[in-house]
Amino acid sequence: MFELTRVIDPREALAAVSVAATEWPTPERIGSDLPPVPQMDVEALLPAPLAGYVRDAAHRKVAPAEFVAVSLLVSLGALIGARCGVRPKLLDDWIVVPNLWGAIIAPPSKKKSPSMADGTKPLKYLAATARQKHAKAMETYQEELEQFDVMMGAAKKALAKVADNGDDEKLSAAKARIAALKDSKPQPPVLKRYTTNDATIEKLGDLLVENPQGLLTERDELAGLLTSFDKSGHESDRAFYLEAWNGTDGHEVDRIARGSLYIPNLALSVLGGIQPERLEKYLDGASKDVGNDGLLARFQLMVWPDSLGFEWRDTLPDKALRDAVYKVFETLDDDDFMAAWGAEPADQFRRIPSFKLSPAAAQAFIAWDTKLQTEIMPACQPVLQEHFGKYEKLVAGLALILDMAERADAGGMIGPIREAPLLKAIAWADFLGAHARRVYHLWMHPEVRAAQRLSEALLQRKLPDPFSTADVQRKNWGGLGSPREITAALEFLESTGWVRPLPKPEAPTPGRPGKGYAVNPKIHSVNAKQEPIKPIKPTKPPKGELNRFNRVSSSDCEDVFSDDDDDRVDL
C-alpha cells in the first residue's frame with residue numbers, strides 16, 4: 001500500500017516557526033518621504049516686474065510661489081513663441097524657441113488652479129482684447145462684404161447687358177471689372193489666438209496655420225491630456241505634441257478627407273496641474289507600456305513643492321505690480337520689438353528672427369553646459385539624464401524670456417541676450433533639478449511604492465496572517481499585479497522587518513501555491529499606539545549643494561538615487 005503523505009497548509013507552518021513578538025525587530029517606516037526641494041527665492045530667479053507679481057499673488061493665495069512663477073513664465077514663452085528665438089552658439093545656426101512646458105504637481109485643493117489663473121491672466125487679457133478687436137473687425141468686414149456683393153451684382157448685370165449687344169470692347173471691359181472685383185474681395189479677419197484648453201490635433205493644426213507664433217495649451221488637469229494620447233484613434237496625438245515641443249520646424253499634414261495642410265511653425269507651449277497619485281499612475285503606465293519616450297522630460301518647468309498649511313488671508317491685489325506685468329505682456333505682444341531691440345532677421349538658413357548671446361553670457365552658458373554634460377548627467381540614472389539633457393533649451397529659452405521681460409519693463413534696449421538673465425536661467429536649472437529628482441524618484445523606486453501599498457494592506461488586515469504571494473496576486477491591487485512587483489515589494493518589506501518568509505512545506509501542495517510570509521505583529525501594536533515607526537532616512541546632498549544644480553558633484557546624483565539598501569530613499 002502506498003502511504004499517504006499529509007498535505008500541510010502553508011498557514012500551519014506558522015505554528016512551527018512561531019516567534020514571540022519581542023523577538024521581531026522594530027519595523028522601519030514605509031512612509032511617503034520624498035527627496036527634499038529648496039524653497040523658491042523669487043527675487044533671485046525673476047526680474048523685478050515679475051518677482052513682485054509672483055510674490056503678491058502667491059501670498060494672497062497662500063500657495064507656493066512656484067505655482068504662479070511657472071505659469072507666468074510659460075505664458076511669456078507662449079507669447080514670444082516662434083516670433084523670435086535665441087542662438088546659444090555664436091557661429092552655429094542652432095535656434096531655441098522659448099515655448100516651454102510647465103507642470104504643477106500638488107495634492108487636491110492646494111491652490112494649483114487659482115495660482116495658474118494668476119500666472120496666465122496677463123495672456124488671457126491679451127486674448128480678451130484680441131476678441132474685442134476681432135468683433136469690431138468682423139462688423140467692418142460684413143459691411144465691406146455687403147458693398148462687395150452689391151458691386152459684384154451690378155457688374156454681372158452689366159456683363160449680361162453688353163453680352164446681348166455684341167459689343168466686344170464693352171464686353172472685355174465688363175469682364176475686367178468682374179476680375180478686379182474678385183481680386184479685391186474683402187477677406188474675413190483672423191482672430192489672434194493665444195491659448196486653447198481642449199482641442200484635437202486637427203483643430204490645433206488649423207489654429208497654428210492662422211497663428212504661426214504658436215499657442216499655449218492649458219489644462220487644469222494635465223492627467224487628462226496625458227491619458228488622451230493612449231485612446232483609440234488618437235495614436236498620432238502623442239507624436240504631434242512631441243514634435244511641437246521643438247517649436248522651430250514646419251509641419252505638413254496630409255489627409256484624404258481634410259486635404260493637405262502646412263503649419264509654418266509647429267510650436268506649442270503646455271501648462272497644467274496634476275496630482276501626485278495621478279502622476280504616479282502615469283509613470284507606471286509609461287514604464288510598462290510605451291516606455292520613456294521623453295514626453296515627461298519635455299515638462300522642464302516641473303515643480304513639486306512642499307504644501308503650505310491653511311491660513312485665511314484677504315488682501316487687495318497690488319495694482320502697481322499687476323499693471324507693470326500687464327505692460328510687459330502688451331509690449332511683447334507687438335511684433336516690432338524684435339527688430340527694434342536688435343534681433344537678427346530671418347534668412348534662408350534661419351527661419352525666424354533671433355538674438356545672439358553676449359560674449360559674457362556665452363561664456364557662462366558654455367561653462368554651465370560643459371558641467372552639465374560631463375559631470376552631472378553621467379552621474380545620474382538614464383531617466384534623469386534624458387530630463388537634464390533637455391535643459392539646454394530650458395536655460396536658453398528662459399534667458400530669452402527673462403531678458404525680454406526686463407527690456408519691456410525698461411522701455412526697450414538694443415543688443416544681444418545679456419549675462420544677468422542668462423545667470424538667472426541657470427539658477428532656474430539648479431532649482432528645477434531638485435524638483436526633477438523628486439518627480440523621478442517615483443519612476444526609479446517602484447519597489448518602494450509597491451511596498452508602501454502592501455504595507456497599507458497589512459495594516460488594514462486585508463490579507464490573512466500568514467499570507468502567500470498568491471493571496472496578494474488574487475487581490476490585483478494597483479502596482480502589485482505581477483509576480484515581479486509582488487516579489488520586489490516583499491523583499492523590501494522583509495528587509496525592513498515587516499514580514500518574514502515561512503519555510504517551505506515538507507510535502508508539495510496541490511497546484512502552485514505562492515511563497516508564504518508571516519507578518520510582524522509589532523506593525524499593528526505600534527500603529528494602534530500611534531507611535532512613530534523607525535523611519536528610513538533619505539541620503540541628503542552636502543550642505544549648500546541642494547539648490548545649486550550647476551554645482552552638484554557627480555556623487556550627489558549617486559547618493560540621492562542610490563540602489564544600495566543603506567542609501568534607500570522612501571516614498
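Which residue forms a salt bridge with Glu344? In this predicted model, the partner is Arg87, and the closest N and O atoms of the two side chains lie 2.6 Å apart. The pair ties together distant parts of the chain, with the two positions 257 residues apart in numbering. Arg87 belongs to strand S2 (residues 85–87), while Glu344 sits in the loop between helix H12 (336–340) and strand S10 (354–356). The surroundings of the two partners can be described as well. Arg87 is buried, because its relative accessible area of 3% falls under the 20% limit. Glu344, at 26% relative accessibility, counts as partly exposed. The pair is also part of a wider arrangement, a network of salt bridges that links Arg87, Glu344, Asp347, Arg350 and Lys356.

It helps to recall a general point here. Side chains of opposite charge can pair when their charged atoms come close. The structure holds 22 salt bridges, and two further examples are worth a look. Glu218 forms one with Lys124, where the closest N and O atoms are 3.0 Å apart. This pair, too, links distant parts of the chain: Glu218 lies in strand S5 (residues 215–221) and Lys124 in helix H5 (residues 112–165), 94 residues apart. Here the acidic partner is the buried one, as Glu218 has a relative accessible area of 9%, whereas Lys124 is partly exposed at 35%. In another salt bridge, the side chains of Arg313 and Glu311 meet with 3.1 Å from N to O. Arg313 is partly exposed, with a relative accessible area of 26%, and Glu311 is partly exposed as well, with a value of 42%.

What does the protein look like as a whole? Its chain forms 21 helices and 14 strands. Of its 571 residues, 49% count as buried. The protein exposes about 27,700 Å², and carbon and sulfur atoms supply 52% of this area. Among the contacts with a separation of 6 or more, 77% are between residues 24 or more positions apart.

Five of the strands build an open sheet with parallel pairing, in the order S4-S5-S8-S3-S9. Strand S4 (195–196) and strand S9 (301–303) are the edge strands, so each of them pairs on one side only. Within the sheet, strand S3 (residues 101–105) and strand S8 (residues 268–274) run in the parallel sense and are joined over five bridges. In this pairing, Ile105 stands opposite Ile274 in S8. Helix H9 packs on the sheet, where it touches S3, S5 and S8, and its direction makes about 115° with that of S8.

Helix H9 also has a helical neighbour. Two packed helices are described by the angle between their axes and the distance between the axes. For helix H7 (residues 201–210) and helix H9 (residues 235–244), the axes come within 10 Å and cross at roughly 35°. On the H7 side, the contact is made by Ile201, Leu204, Gly205 and Leu208, and on the H9 side by Ser236, Asp237, Phe240 and Tyr241. Sorted by character, the residues of this contact divide into five nonpolar, two polar and one charged. Helix H9 thus offers a good place to pause when viewing the model, with contacts to H7 and to strands S3, S5 and S8 of the sheet.

Conventions: Residues numbered from 1 in each chain as written. Predicted model: local features only at pLDDT ≥ 70, side-chain atom pairs only at ≥ 80, totals over all residues. Heavy atoms only, no water. Salt bridge = Lys/Arg side-chain N within 4 Å of Asp/Glu carboxyl O. Helix = DSSP H or I, 4+ residues; strand = E, 2+ residues; numbered from the N terminus. Buried < 20%, exposed > 50% of the residue type's maximum accessible area, 1.4 Å probe, protein only. Axes fitted to C-alpha atoms, helices over the stretch in contact; angles between N-to-C directions. Contact = heavy atoms within 4.5 Å. Nonpolar A, V, L, I, M, F, W, Y, C, P; charged D, E, K, R; others polar. Areas by Shrake-Rupley, 256 points an atom, 1.4 Å probe, with all protein chains shown as cover. Pairing = 2+ DSSP bridges.
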